[in-house]
Amino acid sequence: MDESTSPVVFDTTIPAHLLIGSHETAYKHAFAMVQSKLCMQNGCQTCVSCRMVREQQHHATMWIAPEKKYTRDQFESLFEQLSFARDDNDPFFFIIEKADMMPPACANSLLKSVEEPPAGYHFIFLAERLNGVVPTIRSRCAIHNLALQDSSYSNHPLFDFFTSTAFHDPATFAKAVDQSGITEHESKELLDALLSHWISTYRTAVIEKSSELQTSCMKIISHFSDAHAQPPMPGSSKLLWKDLFLSVKGV
Ligand SMILES: [Zn+2]
């Protein structure tokens with residue numbers, strides 16, 4: 001793990017975690033999370049346990065990836081594994097890759113296990129895009145937005161307009177949009193980053209039992225989801241952001 005990336009805090013009292021980020025980043029974090037629990041020295045990187053985790057060979061891990069696409073059969077060994085009793089001192093980790101490629105039927109077969117795994121079992125889902133993950137899985141996981149940490153989009157000039165509570169008047173915003181020269185591609189990435197940000201904020205609001213923040217998060221998420229479902233046509237990016245600003249800020 002390079003120093004610029006802060007590791008995900010692996011709270012094992014949460015049954016399932018969803019890591020959103022590039023393939024490489026999500027892997028790196030998944031290794032670190034599992035190593036921190038299976039290594040006697042909290043993830044030293046050099047012992048046999050740490051190495052076995054990294055090589056995806058550790059006996060207390062099961063990595064599941066789609067061949068071309070996921071099928072129900074691929075989860076048979078997972079369900080078989082779950083039938084063996086363990087305890088919290090003898091943890092086992094399922095790492096499910098490309099969770100954004102998991103069709104609803106597969107995801108639904110997992111729901112009960114993900115929600116209340118038997119003692120000792122933990123789930124880590126990896127995905128590049130939060131939006132591609134089936135909502136029923138998403139809602140049962142602690143979401144870690146690695147995409148925000150390793151993407152330059154949190155530094156995008158428009159990001160702060162949509163994440164801070166500071167007041168900006170529409171004219172200031174319109175000027176910023178024009179200056180940013182944002183493209184269609186950048187718009188999609190920025191929408192992803194903002195959606196991740198607000199879903200993460202919503203989860204925090206739930207944990208902190210702040211119903212007011214939950215309500216405003218829900219509203220904002222629905223605006224971003226709508227925009228995400230209809231990506232900008234060529235030449236319409238600036239308009240998309242100006243419209244979004246008006247709906248999100250309710251002005
Ligand atoms: Zn180690």
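Is Arg 129 buried, partly exposed or exposed? At 38% relative accessibility, Arg 129 counts as partly exposed. Keep that residue in mind, since we'll come back to it once the overall layout is clear. One caveat before going on: what you have in front of you is a predicted model.

Let's start with the big pieces. The domain assignment splits the protein chain into domain 1, covering 16-150, and domain 2, covering 152-249. Taken over C-alpha atoms, the centres of domain 1 and domain 2 are 29 Å apart. Where they meet, 12 residues of domain 1 are in contact with 12 residues of domain 2. How much area is buried between domain 1 and domain 2? About 930 Å², with carbon and sulfur atoms giving 51% of it. If you wonder about that choice of yardstick, the accessible area lost when the parts come together is often used to give the size of an interface.

Now for the polar side of that boundary. Between domain 1 and domain 2 there are three residue pairs in polar contact, counting pairs with both residues at pLDDT 80 or more. On the side of domain 1 that touches domain 2, the elements giving two or more residues are strand 5 (142-145) and helix 6 (146-150). Strand 5 supplies the largest share of that side, three residues. By residue type, this side of domain 1 divides into six nonpolar, three polar and three charged.

The count of salt bridges between domain 1 and domain 2 is one, and this is where Arg 129 comes back. Asp 192 forms a salt bridge with Arg 129, and their closest N and O atoms are 3.3 Å apart. The two ends of this bridge sit in unlike surroundings: Asp 192 is buried, with a relative accessible area of 16%, whereas Arg 129 is partly exposed at 38%. The cut-off matters here, because a residue has to be under 20% to count as buried.

How many salt bridges does a search of the whole structure find? Five. Another of them pairs Lys 242 with Asp 178, whose closest N and O atoms are 3.2 Å apart. Lys 242 lies in helix 11 (residues 237-249) and Asp 178 in helix 8 (residues 170-180), so this pair ties together parts that are 64 residues apart in sequence. Both partners have some accessibility: Lys 242 is partly exposed at 26%, and Asp 178 is partly exposed at 40%. Then there is the bridge between Glu 55 and Arg 51, with the closest N and O atoms 3.8 Å apart. Here too the partners are partly exposed, Glu 55 at 42% relative accessibility and Arg 51 at 38%.

Next to Glu 55 in the numbering comes a backbone feature worth a look. Gln 56 sits in the loop between helix 2 (48-54) and strand 2 (61-64). What is the phi of Gln 56 near? It is near 60°, a positive value in a residue other than glycine. For context, most residues other than glycine have a negative phi. Gln 56 is partly exposed, with a relative accessible area of 30%. Lys 98 has a positive phi as well, near 45°. Its place is the loop between strand 3 (92-96) and helix 4 (104-115), and at 38% relative accessibility Lys 98 counts as partly exposed.

Two buried residues round off the tour. The first stop is Gln 81, found in helix 3 (residues 76-82). Gln 81 counts as buried because its relative accessible area is 15%. Which residues does Gln 81 touch, not counting those up to four places away in sequence? They are Met 62, Arg 86, Phe 92, Phe 94 and Tyr 121.

The other stop is Val 134, in the loop between strand 4 and helix 5. With a relative accessible area of 14%, Val 134 is buried. Leaving aside neighbours within four places in sequence, Val 134 is in contact with Met 102, Pro 103, Pro 104 and Ala 107. Take the pairing with Ala 107: the two residues are 27 residues apart along the chain, and their C-alpha atoms are separated by 7.0 Å.

Conventions. Residues are numbered from 1 along each chain as its sequence is written. This is a predicted model: local features need pLDDT of at least 70, side-chain atom pairs count only at pLDDT 80 or more; totals for chains, interfaces and linings use all residues. Side-chain values use heavy atoms; hydrogens and water are left out. Domain bounds come from an automatic or database domain assignment. Contact means heavy atoms within 4.5 Å. Buried area is the accessible area (1.4 Å probe) that two parts lose on being put together, summed over both. A salt bridge is a side-chain nitrogen of Lys or Arg within 4 Å of a carboxyl oxygen of Asp or Glu. A polar contact is a pair of N or O atoms within 3.5 Å; within protein, one must be able to donate a hydrogen and the other to accept it, and residues adjacent in sequence count only if both atoms are side-chain atoms. Helices (H or I, at least four residues) and strands (E, at least two) are DSSP runs, numbered from the N terminus. Ala, Val, Leu, Ile, Met, Phe, Trp, Tyr, Cys and Pro count as nonpolar, Asp, Glu, Lys and Arg as charged, and the others, Gly among them, as polar. Buried means under 20% relative accessible area, exposed over 50%, partly exposed in between (1.4 Å probe, protein chains only).
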